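Please open the model in your viewer and keep the selection tool at hand, since this tour goes from one selection to the next.

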There are 2 protein chains.
Amino acid sequence: MNTKILPPSSSAYEYPLLIKRILTSSQRFEQENEIVYQGSRRFSYAQFNERVQRLANMLTELGIKAGDTVAVLDWDSHRYLECFFAVPMIGAVLHTVNIRLSADQILYTMNHAQDDLVLVHDDFIPVVESIKDQLETVKGYVHLSDGQGEASSLNMLGEYESLLMLASPDYDFPDFDENSVATVFYTTGTTGNPKGVYFSHRQLVLHTMNMLTTLATNNPDPLLGPGSVYMPITPMFHSHAWGVPYVATMLGIKQVYPGRYEANALARLIREEGVTFSHCVPTLLQMVTQSDEARETRFNGWKVLIGGSPLTTGLARHVMEMGVEPFTGYGMSETCPLLSLTRITSQLASLPIDEQVEYRIKAGVPTGLVDIQIRDAEGRALPFDGVAKGEVVVRTPWATQGYLHEPEKGEELWEGGWLHTGDVASVHPDGYLDIKDRIKDVIKTGGEWVSSLDLENLISSHPKVESAAVVGVPDERWGERPYALIVSRSGSLDAASIEQHLAQFVAEGLINKWAIPKTIRIVDDIPKTSVGKINKKYIRSEIF
Amino acid sequence: MNTKILPPSSSAYEYPLLIKRILTSSQRFEQENEIVYQGSRRFSYAQFNERVQRLANMLTELGIKAGDTVAVLDWDSHRYLECFFAVPMIGAVLHTVNIRLSADQILYTMNHAQDDLVLVHDDFIPVVESIKDQLETVKGYVHLSDGQGEASSLNMLGEYESLLMLASPDYDFPDFDENSVATVFYTTGTTGNPKGVYFSHRQLVLHTMNMLTTLATNNPDPLLGPGSVYMPITPMFHSHAWGVPYVATMLGIKQVYPGRYEANALARLIREEGVTFSHCVPTLLQMVTQSDEARETRFNGWKVLIGGSPLTTGLARHVMEMGVEPFTGYGMSETCPLLSLTRITSQLASLPIDEQVEYRIKAGVPTGLVDIQIRDAEGRALPFDGVAKGEVVVRTPWATQGYLHEPEKGEELWEGGWLHTGDVASVHPDGYLDIKDRIKDVIKTGGEWVSSLDLENLISSHPKVESAAVVGVPDERWGERPYALIVSRSGSLDAASIEQHLAQFVAEGLINKWAIPKTIRIVDDIPKTSVGKINKKYIRSEIF
């Protein structure tokens with residue numbers, strides 16, 4: 001298209017979107033606001049800003065230059081936040097190492113990301129020592145410690161705090177291309193090696209601005225505002241703690257970093273530091289609200305953004321009765337992550353808790369600058385009618401542009417110019433997303449997609465069913481048909497009674513008749529993965 | 001710098017920042033929210049969205065293509081808002097014609113911008129008729145009318161509403177380079193022809209996101225949120241009504257477009273439509289709050305962003321007593337315009353009205369993504385100590401990259417890679433800007449800059465002074481010295497008494513001794529410009 005593009009004045013400043021701009025913005029706010037570590041160490045924003053400059057000088061003195069990669073293995077800390085800024089601001093790449101991976105996988109990611117320098121906390125020295133001889137690109141280590149520090153066999157260039165104090169407090173952060181890679185981290189599937197996703201300065205700045213806008217305006221009572229106090233309960237190595245540390249810093253509000261997650265300590269920090277906003281998976285919300293310290297804690301005014309797994313109605317209701325305000329977000333590592341968030345319209349706000357809950361547990365409404373479609377197996381966009389189910393595909397300025405060093409996987413992710421989330425959902429006319437299943441678990445039968453999760457829920461509503469797992473198996477006539485494994489609660493349960501139970505839902509039009517499993521097996525238990533999810537891959541491999 | 005830049009997957013979607021994204025975002029909100037014209041015509045967002053698509057088809061059918069320029073001469077209307085979106089979204093350029101210019105200047109701007117199509121309201125048909133034979137690029141006109149419409153000698157291609165209803169309601173807006181020019185408008189100085197400033201899609205999207213963030217988080221009680229009702233009282237041809245129509249649309253809130261400004265009608269709309277947020281110059285705030293309709297109106301909860309001229313303490317206090325909450329913004333046509341905005345910190349919020357007013361009338365604190373410096377005559381950056389005065393220079397992603405077709409003026413604007421605002425200010429340690437003067441009016445004497453406005457205020461504090469004007473005149477020894485024209489209130493006033501009056505401020509250290517005018521003339525009146533400002537250019541020309 002022949003749009004009008006004018007050459008800028010030769011002196012004009014182009015203003016690349018760089019992470020340093022987020023830090024500049026934070027300096028316009030109340031400088032006495034604090035960044036707190038574990039309730040013990042406290043830094044004003046003025047101090048934080050100085051420490052970021054010291055860290056930049058320290059990294060430079062350790063030989064790190066633009067294009068190099070700095071790996072961090074730490075719990076959630078002020079140090080990690082400093083790295084969120086200083087590392088990309090000198091033009092280097094921050095690798096937030098997923099410390100929950102096995103030693104082998106950590107080794108794989110550190111070699112794959114080509115880490116040059118590693119900042120490692122006491123608690124992770126053993127795992128790094130166990131792989132250090134196989135690390136191909138690492139030139140040295142910096143020691144992160146909350147105490148005296150541990151002796152180690154690693155080539156330690158110094159201890160973080162000591163090196164920081166030796167470094168100059170002034171650093172003039174340079175300009176460079178806004179498309180420069182700022183961060184990289186790894187996402188794991190059930191098969192193969194972890195895959196590296198990466199985000200540019202431009203992407204992180206836009207994600208930050210959009211998330212701030214969303215958190216501040218999505219609801220009559222903002223999730224985040226100038227008086228908020230923020231504490232992450234999603235690890236900083238996981239999608240930059242959902243990007244909120246950047247948002248909170250841009251807004252210049254008080255931030256609390258809890259170190260290693262421990263339910264009682266988290267509840268105590270919420271109480272003692274006056275935390276108003278956090279984000280976590282449902283399990284952690286449950287652990288914190290059921291901890292001993294929770295009994296001493298008033299949770300009123302604590303807003304929690306839930307993601308990772310679905311929030312159940314029961315948990316949502318339970319925590320709302322305690323004063324917690326739960327919201328649900330949806331996204332993935334590949335999308336930086338934010339795609340959608342609970343929106344409480346004026347109409348919803350006036351509903352009683354019980355009815356609001358139904359909206360709070362849905363996957364939210366797409367935020368600004370997120371284009372979304374749901375598509376059937378042929379790639380056709382389906383209507384947003386709350387009924388049609390299809391794969392969620394998205395476009396947004398903050399989606400990874402591929403997988404690190406694996407172009408063919410990037411092409412698969414972006415097939416047809418849309419990022420394929422692998423999730424199957426319906427979208428309601430009011431914009432709310434209902435995530436139904438993973439596309440690899442959905443059962444394609446009789447020209448329709450049946451959610452294995454929906455079917456498991458329907459089967460589980462039978463009074464004698466303890467739990468159920470459903471997978472699709474190939475079927476000559478219908479493409480696929482469901483295959484169900486069921487654990488009985490009482491013992492006296494047979495396939496016919498399950499078929500009869502499901503027949504009522506066919507009669508009600510909730511499912512079609514092909515959705516009734518072809519095979520129903522009563523079993524003693526259901527194969528699970530190491531994190532307790534149903535291992536459908538294993539079940540399928542056992543059947544075929 | 002060798003930062004890491006990775007090639008995207010060949011299928012990956014790059015997501016240019018285009019104005020159509022603002023419209024998509026608005027569709028996620030409450031679709032029954034209204035866009036109201038003069039309290040009589042009402043459109044839901046769903047209707048608005050359809051009308052934007054119809055307008056795109058209508059423009060295409062009238063021969064407009066990417067790169068063409070569409071001029072609009074209208075009062076603030078739903079039509080104008082539709083043009084804000086449809087024109088740039090088809091890749092064309094929207095020229096928002098400054099209808100306050102003389103016919104000659106309007107002619108100059110329309111030829112200079114190379115307008116292809118002109119949308120003209122009844123009220124502006126006479127002026128366009130008077131210049132139509134000299135318009136060099138215009139191919140046709142579309143008639144905007146609130147009534148029966150007027151007959152005219154223009155080559156009318158049709159009436160807006162009729163053409164809209166004939167056009168198809170579906171338009172698939174294309175992607176193109178985010179640096180494509182979206183809008184152009186003209187800024188006037190005291191000399192020479194108006195200068196064209198222009199903004200790209202990227203610039204407007206970033207300005208919109210940043211302004212939304214700022215309005216939503218700058219204060220404990222947000223200026224704009226999901227429940228707000230917006231009505232502009234700054235014309236849409238003037239810096240896109242400060243960019244707020246884009247912000248309000250992105251947020252999907254109710255918007256009220258008042259047509260031609262009339263104080264009583266504006267007050268009535270505020271009352272009847274429940275307006276919560278507006279922006280205007282101080283004069284309009286005064287007119288609206290002193291109108292007859294104001295007596296029937298409760299202004300509680302009406303937040304008003306003031307810009308253009310300084311808000312006086314008196315007016316601020318007066319309107320605050322009526323329930324209005326005034327804020328001050330600073331910016332200029334060249335900067336899209338937002339650079340800074342009043343920030344009420346928790347500390348300020350707790351102050352009594354009288355003390356808050358002092359902050360509300362300052363020029364605000366720079367917003368996110370705005371880099372700011374104040375510089376002395378040698379271009380050195382000065383400290384933010386509330387005392388040092390220098391020219392405000394800025395960098396921001398939404399600054400015009402030059403003046404249309406006038407590269408040499410663009411280089412002057414951007415000298416040294418910073419945009420020169422031409423304003424002299426001090427910056428307080430808390431970030432607040434205090435605009436002191438225009439740099440061309442500041443008096444450079446004895447190595448310091450003396451604000452002519454400060455000096456006028458000090459002189460005017462003499463009980464016998466009615467008004468004063470101060471300009472700088474060349475001085476061999478001191479560079480410049482002040483020259484004062486004073487209108488006496490009572491008649492019995494001489495230069496010596498003014499000198500004596502000013503001597504106390506020298507003693508107090510408020511001004512230095514060179515700031516006492518070398519020449520003090522008591523005059524009958526002070527030369528003013530057509531808009532009532534002191535004509536310093538004329539005064540200087542009379543002296544030299």
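## Where the two copies meet

In this predicted model, begin by showing both chains together: 99% of the interface residues of chain A are also interface residues in chain B, so the copies meet through the same surface. Two copies of a chain are, in general, related by a rotation about an axis and a shift along it. Here a turn of 180°, with a shift of 0.0 Å along the axis, lays chain A on chain B with an RMSD of 0.1 Å, which means that the relation is that of a two-fold axis. To find the rotation axis on your screen, select A:T213, whose C-alpha lies 2.6 Å from the axis and comes closest to it of the residues of chain A.

Next, colour chain A by its domains, taking residues 20–32 and 43–199 as domain 1, residues 201–370 and 394–419 as domain 2, and residues 440–543 as domain 3. If you then look from domain 2 of chain A to domain 3 of chain A, you are looking between C-alpha centres that lie 32 Å apart.

Finally, select two helices of chain A, α3 (residues 78–89) and α9 (residues 244–251), which pack at an angle of about 85° with their axes 10 Å apart. Because angles of 65 to 115 degrees count as roughly perpendicular, α3(A) is roughly perpendicular to α9(A). Show the side chains where these helices touch: α3(A) brings A:L81, A:F84, A:F85 and A:P88 to the contact, while α9(A) brings A:P245, A:Y246 and A:T249. How do the residues of this contact divide into nonpolar, polar and charged? Six are nonpolar, one is polar and none is charged.

How values were computed:
Residues numbered from 1 in each chain as written. Chains lettered and ligands numbered in written order. Predicted model: local features only at pLDDT ≥ 70, side-chain atom pairs only at ≥ 80, totals over all residues. Heavy atoms only, no water. Domains from an automatic or database assignment. Axes fitted to C-alpha atoms, helices over the stretch in contact; angles between N-to-C directions. Helix = DSSP H or I, 4+ residues; strand = E, 2+ residues; numbered from the N terminus. Parallel < 35°, antiparallel > 145°, perpendicular 65-115°, else oblique. Contact = heavy atoms within 4.5 Å. Nonpolar A, V, L, I, M, F, W, Y, C, P; charged D, E, K, R; others polar. Least-squares fit on C-alpha atoms with pLDDT ≥ 70 in both.
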